[in-house]
Amino acid sequence: MRKVLIDCDPGIDDALALALAAGSPLDVVGITTVGGNVDLPLTTANALALREFLGFGDVPVTPGSAGALLRQTVRATAVHGAGGLGDVVLPAPLRGPSEGHAVDFIVETLRAAPGEITLVAIGPLTNIALAVRKEPRVVEWARELVIMGGSYTRGNHNPAAEFNMLADPEAAAIVFEAGWTVNMLGLDVTLTAVVTSGILDRMRPLGRLAELLVPAAQSYGVVRADSGPAIHDACAVAYLLEPSLFTCVPAVVDVETAGLYTRGMTVTDFKLRDRQANALVATSLDVKRFWDLVLGAYEGVAGRLG
């Protein structure tokens, strides 16, 4: 099984991504949290509740950075609700987080198993950037880095920038400039991974898991026959499970940190010219196969939860 460390800011779509990971053959070696969709105490509490609800067992949950490296905090409570999980109500977790800081956990976990663990970052990249700054060899030790974030066509939190990039553009710039290949699953593909009424109908029979999936989808946006809310973060997990779902193109990605109107924009150059690509950027998604994969994994989780 592929070992993964998931850095997240739950967040409705983070919850749906964790549910996908729970139903997959991935070996989740740790979950780290960052302030993003909501403040760090809430993202950590949500991760703890999801760990127990989804049956992750003793997988450590380690809190990390509360805010951006340099900029004023940006949050997405208008989308995810004050608590971060919209209308979802989960049992309170019985166990607390692990001691220590997410950055140290990332560094030490990768140091202990060089070349074995894939980093999956589905929130602002603050923890990942600080890990790179603390120990540059994490770039060599990580088997791969997969992120949900950015876009080469548009933004969502503003016209130019996707939320995870806007929340800490300086951190994102550090990560893209670190010397590894960033597998970027951005809005260009994640906005096609939408929950339609037909998808929601396939979620409803999934027992206790439906108590998470259905209200998450419905509180995240309006579900219609041919459109609905996009479950962005699940794309990053799906990419690990079946890369052939995505068309990916090598590119040079620079993160705008100074623009008055474009701060957080992932400026993407597919022509490369005399530069070496620092990213594989997803440009399309096989939506039908994506949902077959995701719903199959959800069925597996539902079978365990009852």
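**Exercise 1: the cores.** How many residues does the largest nonpolar core have, and which of them have the most contacts inside it?

*Solution.* Before we start, keep in mind that this is a predicted model.

Step 1. Count the members: the largest nonpolar core has 69 residues.

Step 2. Pick out the residues with the most contacts inside that core, and you get Leu 54, Met 203, Leu 209, Phe 246, Phe 290 and Tyr 298.

Step 3. Zoom in on Leu 209. Skipping its neighbours within four places in sequence, Leu 209 is in contact with Phe 53, Leu 54, Tyr 298, Val 301, Ala 302 and Leu 305.

Step 4. Now look elsewhere: another core, of 36 residues, lies apart from the largest one, and Val 182, Ala 251, Val 253 and Val 281 are among its members.

**Exercise 2: the largest pocket.** Work out which residues lie nearest the centre of the largest pocket and which elements help to line it.

*Solution.* Step 1. Start with the space: this pocket holds about 360 Å³.

Step 2. Go to the wall. There are 23 lining residues, and Val 79, His 80, Asn 156, Tyr 220 and His 232 lie nearest the centre.

Step 3. Sort the wall by element. Two or more lining residues come from each of α1 (12-22), α3 (77-80) and α7 (163-167). The largest share, 3 residues, belongs to α3.

Step 4. Sort the wall by class, and you find 11 nonpolar, 6 polar and 6 charged residues.

**Exercise 3: the second largest pocket.** Find out how many charged residues the lining of the second largest pocket has.

*Solution.* Step 1. The space here is about 150 Å³.

Step 2. Walk along the lining: Ala 45, Asn 46 and Ala 49 are part of it, and so are Gly 83, Gly 84, Leu 85, Gly 86, Val 88, Leu 90, Pro 91, Ala 92 and Pro 93.

Step 3. Sort them by class. That gives 8 nonpolar and 4 polar residues, with no charged ones.

**Exercise 4: a residue beside a cavity.** Is Thr 126 buried or exposed? Place it in the fold and see what surrounds it.

*Solution.* Step 1. Find the element: Thr 126 belongs to helix α5, which covers residues 126-134.

Step 2. Check the accessibility. Thr 126 has a relative accessible area of 2%, and buried means under 20%, so Thr 126 is buried.

Step 3. List the company it keeps. Beyond its neighbours within four places in sequence, Thr 126 is in contact with Val 34, Ser 65, Gly 67, Ala 68, Leu 69, Asp 168 and Ala 171.

Step 4. Look for empty space. The structure holds 1 cavity of 30 Å³ or more, and the largest cavity has a volume of about 40 Å³. Thr 126 helps to line this cavity, together with Gly 35, Gly 67, Ala 68, Thr 73, Val 74, Arg 75, Pro 124 and Ala 167.

Step 5. Sort that lining by class: 4 residues are nonpolar, 4 are polar and 1 is charged.

**Exercise 5: the side chain of Ser 219.** Which backbone atoms does the side chain of Ser 219 reach?

*Solution.* Step 1. Locate the residue: Ser 219 sits in helix α11, residues 210-220.

Step 2. Look at backbone oxygens. A polar atom of the Ser 219 side chain lies 2.8 Å from the backbone oxygen of Pro 215, and the backbone oxygen of Ala 216 is 3.3 Å from a polar atom of that side chain.

Step 3. Look for a backbone nitrogen. The Ser 219 side chain reaches the one of Asp 87 at 3.4 Å.

Step 4. Widen the view. Leaving out neighbours within four places in sequence, Ser 219 is in contact with Ile 12, Val 79, Leu 85, Gly 86 and Asp 87.

**Exercise 6: backbone oddities.** Where is the cis peptide bond, and what are the phi values of Leu 272 and Arg 273?

*Solution.* Step 1. The cis bond joins Pro 10 and Gly 11, with omega about -10°. Gly 11 is in the loop between β1 (3-8) and α1.

Step 2. Turn to the loop between β8 (266-269) and β9 (279-285), where Leu 272 is found. Its phi is near 65°, a positive value in a residue other than glycine. Arg 273 is also in the loop between β8 and β9, and has a positive phi of about 55° without being a glycine.

Step 3. Compare their accessibility with the cut-offs. Exposed means over 50%, so Arg 273, at 59%, counts as exposed. Leu 272, at 22%, falls between 20% and 50%, so it is partly exposed.

Methods: Residues are numbered from 1 along each chain as its sequence is written. This is a predicted model: local features need pLDDT of at least 70, side-chain atom pairs count only at pLDDT 80 or more; totals for chains, interfaces and linings use all residues. Side-chain values use heavy atoms; hydrogens and water are left out. On a 1 Å grid over the protein atoms alone, a cavity is a set of points where a 1.4 Å probe fits but cannot get out, and a pocket is an open set with protein on both sides within 12 Å along at least five of seven lines; lining residues have an atom within 4 Å of a point. Grid points are joined across faces, edges and corners, and a volume is the space filled by probe spheres set on the points. Helices (H or I, at least four residues) and strands (E, at least two) are DSSP runs, numbered from the N terminus. Ala, Val, Leu, Ile, Met, Phe, Trp, Tyr, Cys and Pro count as nonpolar, Asp, Glu, Lys and Arg as charged, and the others, Gly among them, as polar. Buried means under 20% relative accessible area, exposed over 50%, partly exposed in between (1.4 Å probe, protein chains only). Contact means heavy atoms within 4.5 Å. A nonpolar core is a set of buried Ala, Val, Leu, Ile, Met, Phe, Trp, Tyr and Cys residues joined through side-chain atoms within 4.5 Å. A polar contact is a pair of N or O atoms within 3.5 Å; within protein, one must be able to donate a hydrogen and the other to accept it, and residues adjacent in sequence count only if both atoms are side-chain atoms.
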